[in-house]
Amino acid sequence: SFAQLESAMGAGDTQAAFVAAHTLKGVCQNLGFDNLFVPAVEITEALRANDMEAARPLFPAVKEQYGLTVEALTACLGE
């Protein structure tokens with residue numbers, strides 16, 4: 001869902017971005033990825049309010065934490 005969020009944010013598609021952010025938020029909550037969950041909640045709420053302008057500055061934190069999460073998982077898997 002991160003790739004979908006990134007694409008929807010780039011396209012300015014608030015509804016698609018909301019769906020992707022909400023999915024990402026849920027996955028993070030279920031898996032205990034708190035570092036990514038917090039910024040995912042923030043961007044989800046901005047998008048829920050249909051406020052792309054508020055969501056745009058929140059995306060870099062989501063992207064950063066997504067990258068860190070992927071790096072940590074990759075290191076754990078030894079790849």
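Here are three short exercises on helix α3 and the salt bridges of this predicted model.

**Exercise 1: a helix and its hidden face**

Work out how the span of helix α3 compares with what is expected, then find where its buried residues sit.

*Solution.*
Step 1. Start with the length: α3 covers residues 34-48, which makes 15 residues.
Step 2. Go from the first C-alpha to the last and you get 20 Å, close to the 21 Å expected at 1.5 Å a residue.
Step 3. Now pick out the buried residues, using the cut-off of under 20% relative accessible area. In α3 these are Leu36, Pro39, Ala40, Ile43, Thr44, Ala46 and Leu47.
Step 4. Look down the axis of α3: the buried residues fall within an arc of 160 degrees, so they line one face of the helix.
Step 5. What lies over them? The cover includes α1 (2-11), α2 (14-31), α4 (52-55) and α5 (59-77).
Step 6. Finally, see what follows α3: there you meet Asn50, with a positive phi near 60 degrees.

**Exercise 2: a link across the chain**

Find which helices are joined by the salt bridge between Lys63 and Glu6, and say whether the two residues are buried, partly exposed or exposed.

*Solution.*
Step 1. Recall the background: side chains of opposite charge can pair when their charged atoms come close.
Step 2. Check the distance: for Lys63 and Glu6 it is 3.2 Å, N to O, and the cut-off for a salt bridge is within 4 Å.
Step 3. Place the partners: Lys63 belongs to helix α5 and Glu6 to helix α1. They are 57 residues apart, so this pair links distant parts of the chain.
Step 4. Judge the exposure: Lys63 has 43% relative accessibility and counts as partly exposed. Glu6, at 32%, is partly exposed too.

**Exercise 3: two more pairs**

Describe the salt bridges Glu45 to Arg48 and Glu53 to Arg56, with the exposure of each residue.

*Solution.*
Step 1. Take Glu45 and Arg48, whose side chains meet at 3.1 Å, N to O.
Step 2. Both sit in helix α3, 3 residues apart, so about one helical turn separates them.
Step 3. Glu45 is partly exposed at 37%, and Arg48 is partly exposed at 44%.
Step 4. Move on to Glu53 and Arg56, which form a salt bridge at 3.8 Å, N to O.
Step 5. Here Glu53 counts as exposed, with 59% relative accessibility, while Arg56 is partly exposed at 36%.
Step 6. Wrap up with the count: the model has 3 salt bridges.

Conventions: Residues are numbered from 1 along each chain as its sequence is written. This is a predicted model: local features need pLDDT of at least 70, side-chain atom pairs count only at pLDDT 80 or more; totals for chains, interfaces and linings use all residues. Side-chain values use heavy atoms; hydrogens and water are left out. Helices (H or I, at least four residues) and strands (E, at least two) are DSSP runs, numbered from the N terminus. The expected span of a helix is 1.5 Å times one less than its number of residues. Buried means under 20% relative accessible area, exposed over 50%, partly exposed in between (1.4 Å probe, protein chains only). The arc is that of the directions from the helix axis to the C-beta atoms. Contact means heavy atoms within 4.5 Å.
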